[in-house]
Amino acid sequence: KQLWCIFLLMFCGLTPAAFAAETGMCDVGGWELVMDKNGIKAYSRKVENSGIFEFRAVMVADAPAEVVAEMLRDVPADTQWLPYCKEAYVIEKESLNDFTTYFSFDLPWPVTDRDLVMKTNTSYDYEHARAVTNLYRTEVAACPPKADLIRVPEMTGQYVFEFVTRERTGIVHTYRIDLAGSLPEWMANYSSQYNIYNTFMNMKEM
């Protein structure tokens, strides 16, 4: 099955130019370009009735699609590339592409450290040589809140992976997170803007 998926990707993928054109979706829908460097474009947009913005980053990674997928499945290694991530592990694993994870974040002083329980599921669109990973906050009895950490109350996200060439993968990452606590909304937005850029830079290195 894996070889067949790779075969489909090889013959249905986008060219680098086509991927760049397709990700022009960031130019509409209220997205504002906030950063453009090192091959990474980061965008933000306002969310109705909330001061917490939504963020999106776009890049082409110099790695095959299956390598990118395996990196994301290696949850404990998230501490090596996810900004401020102190701990990461799988709580429940329903399948290779459907699992629940725990993260704790060691944030800079004086911000209180946070933690998050997150559900991840991935689906494949073979016609368009695309994989979509959806992320959202959840709760499980096996991982109750901790007294010394603030549990993130709201988080949604998505990765879209597209075949560009056999050795390059287009990635679009969208997310919105409410860190709660006493953190001002402007500070949370500023942090998220740089975190999504730093996430992609670290992913490139991995």
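Here is a short walk through the structure shown above, from its overall make-up to one group of paired strands. Keep in mind that this is a predicted model.

Let's start with the building blocks. The protein contains four helices and 10 strands. If you follow the chain from its beginning, the order of these elements is α-α-β-β-β-α-β-β-β-β-β-β-β-α. So you meet two helices, then strands, and the pattern closes with a helix.

Next, consider how the chain is packed. Of the 206 residues in the protein, 44% are buried, with under 20% of their relative area accessible. The surface that the protein exposes comes to about 10900 Å², and 55% of that is supplied by carbon and sulfur atoms. Contacts also link distant parts of the sequence: among those with a separation of 6 or more, 53% are between residues 24 or more positions apart.

Now let's turn to the strands, with E9 as our guide. Strand E9 covers residues 154-165. On one hand, E9 is joined to strand E7 (residues 130-137) by seven bridges, and the two run antiparallel. On the other hand, E9 pairs with strand E10 (residues 168-178) over 11 bridges, again in the antiparallel sense. A hairpin of two residues makes the connection from E9 to E10.

Which residue in E9 stands opposite threonine 133? It is tyrosine 159. Tyrosine 159 also has a bridge partner in E10, namely histidine 173. To see this part for yourself, find tyrosine 159 in the model, then look for threonine 133 and for histidine 173.

Definitions and conventions
Residues are numbered from 1 along each chain as its sequence is written. This is a predicted model: local features need pLDDT of at least 70, side-chain atom pairs count only at pLDDT 80 or more; totals for chains, interfaces and linings use all residues. Side-chain values use heavy atoms; hydrogens and water are left out. Buried means under 20% relative accessible area, exposed over 50%, partly exposed in between (1.4 Å probe, protein chains only). Contact means heavy atoms within 4.5 Å. Accessible areas come from the Shrake-Rupley method with a 1.4 Å probe; for residues, only the protein chains shown count as cover. Two strands pair if DSSP finds at least two bridges between them.
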